[in-house]
Amino acid sequence: MTVLPRPRAARFATFMFFGLNGFAMGMWVVHIPNVERATGISHSTLGALLLVLGGAAFAGMQVAGPLVDRLGHRRMVPAAGILMGLAVCAPGFANSWWALGLSLAFFGFGNGAIDVGMNSHAVVVERAYPRPIMAAFHAMWSIGGAIAAVIGAATLGAGVPTGVTLTGTGLLCVLLSVLSARFLMEPAEAPAAASVADAAAPAVARRTPGRLVWLLGLLALALMLSEGVANDWAALHMEKVLGTSASTAALAYGAFAVAMTTGRFLTDRVAAWAGPAAIVRYGALLAAIGLTTAAAAPWVPVSLIGWAVFGLGLSGGVPQLFTAAGNLDTRASGALMARVVGLGYVGLLAGPALIGGLTRWMPLNVTFAVPVVLCVLAAAFAGVLTPEPEPAEQPVG
């Protein structure tokens, strides 16, 4: 099947939105210490305000999902990108806890809206391709975050005010969102590629979307909770459990992040051959093995290998779940996507907090049994992504 010019342009625009979202979030993250100092808040207050950001993001997802279905991707995705761009500027000018709280609520809502919008559009674009392409979009989010880390470090080193840097980030998001609107696609414009639709949409016509979407959401919650544990606790595990220096401990998250990004660029090719259920099943099992190795290893090199294997195993699962959700019902793709993305996001936020609470009663490396078990459960239920066989035709007469 030859891919038409319009799907190619839409694919490029979708890459850009994923990259922009990762870039905007990355620029906010690297400036958190500056914002904390400028507002004079404590670490505990900052933690509470970050929960406000997360809650607003979840709300933005639930609002944006139905609006995508009603208004279309060509309107909603750029609008969400513009909202995110305007919102990322605000924390750079906050001078009190309440101003920062309002800024983060605004930013979180915009981030949630673009998250659902760009993932829903990615499913539409993927329908026009004869092979899976979703995981590469998620890899671009990671690339955007890495670019933000480099540029943010440079601007911080040069003493550029936080407000100026975040405003520049926001203006870039607004400009590129406006310019990209004409390249986006609606579902009716996507020529269906049967090989992708059959593999990515598990028994769309033969299972109840309302029931299946919640199961997909729970699988996303399990895998993204595991990812959140690595984001917040990998470096601390190396430092507190294995007794490394802070610089060496940072390599744990680095190994995880690099392996996850690399895995996402490779996942699409593997998914085209093995199918989405195999990606989730064997990826989750690989993640469980990797995290068990990282937690139990008494030597730093072995633990680093474990964190890398953990990232590689988690890399491909979530994109398969998002694709399946978006294909459950093309008439309500955005709303269904919002449920799965929202539950996954809850897991991403809940994972670090859950581990932190458990450390009051057990060693940090023992608490990693929770994400290990969740990965094993995700592997056990990965069969929901396997298409059901067509019902046999009854003989006539």
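How do the residues of the lining of the largest pocket divide into nonpolar, polar and charged? In this predicted model, the lining of that pocket consists of 28 nonpolar, 12 polar and four charged residues.

## The two pockets

The largest pocket encloses about 1700 Å³ of space, and the residues that line it number 44, with Val29, Trp141, Asn231, Asp232 and Leu348 lying nearest its centre. Two or more lining residues are given by each of helix 1 (5–30), helix 3 (43–71), helix 5 (97–127), helix 6, helix 9 (209–240), helix 10 (246–274), helix 13 (317–326) and helix 14 (333–358). Among these elements, helix 1 supplies the largest share of the lining, with eight residues.

The second largest pocket has a volume of about 230 Å³, and it is lined by 15 residues, of which Thr267, Ile279, Gly283, Leu312 and Ser315 are the closest to its centre. Helix 10, helix 11 (276–296) and helix 12 (300–314) are the elements that give two or more residues to this second lining, so that helix 10 is listed for the second largest pocket as well as for the largest pocket. The lining of the second largest pocket divides into eight nonpolar and seven polar residues, with no charged residue.

## Helix 13 and helix 10

Helix 13, which is listed among the contributors to the lining of the largest pocket, is largely enclosed by the rest of the structure, because 10 of its 10 residues are buried. The buried residues of helix 13 are Gly317, Val318, Pro319, Gln320, Leu321, Phe322, Thr323, Ala324, Ala325 and Gly326. One of them, Pro319, has its C-alpha atom 9.4 Å from that of Asp268, although the two residues are 51 residues apart along the chain.

Asp268 itself is found in helix 10, and its relative accessible area of 8% lies under the 20% limit, which means that Asp268 is buried. Arg264 also has its place in helix 10, and at 6% relative accessibility Arg264 counts as buried. The C-alpha atom of Arg264 is separated by 39 Å from that of Gly40, with their positions 224 residues apart along the chain.

## Helix 6 and the nonpolar surface patch

Ile143, Ile147, Val150, Ile151 and Phe265 form a nonpolar patch on the surface, and together these residues have about 410 Å² of accessible area. Helix 6 (residues 134–157) provides four residues, the largest share of the patch. Val150 is found in helix 6, and Val150 counts as exposed because its relative accessibility is 59%, a value over the 50% limit.

Is Gly144, a residue found in helix 6, buried or exposed? With a relative accessibility of 5%, Gly144 counts as buried, whereas Val150 of the same helix counts as exposed. The C-alpha atoms of Gly144 and Phe15 are separated by 10.0 Å, and the two residues lie 129 residues apart along the chain.

## The loop before helix 3

Gly40 lies in the loop between helix 2 (32–39) and helix 3, where its relative accessible area of 64% makes Gly40 exposed. The C-alpha atoms of Gly40 and Leu266, which are 226 residues apart along the chain, are separated by 44 Å.

The C-alpha separations described in this report are collected below.

| Residue pair | Separation along the chain | C-alpha distance |
|---|---|---|
| Asp268 and Pro319 | 51 residues | 9.4 Å |
| Gly144 and Phe15 | 129 residues | 10.0 Å |
| Arg264 and Gly40 | 224 residues | 39 Å |
| Gly40 and Leu266 | 226 residues | 44 Å |

Conventions. Residues numbered from 1 in each chain as written. Predicted model: local features only at pLDDT ≥ 70, side-chain atom pairs only at ≥ 80, totals over all residues. Heavy atoms only, no water. Patch = residues over 30% accessible without salt bridge, like charges linked within 9 Å, V, L, I, M, F, W, Y side chains within 5 Å. Areas by Shrake-Rupley, 256 points an atom, 1.4 Å probe, with all protein chains shown as cover. Salt bridge = Lys/Arg side-chain N within 4 Å of Asp/Glu carboxyl O. Buried < 20%, exposed > 50% of the residue type's maximum accessible area, 1.4 Å probe, protein only. 1 Å grid on protein atoms, 1.4 Å probe; cavity = no way out; pocket = protein on both sides within 12 Å on 5 of 7 lines; lining within 4 Å. Points joined across faces, edges and corners; volume = space filled by probe spheres on them. Nonpolar A, V, L, I, M, F, W, Y, C, P; charged D, E, K, R; others polar.
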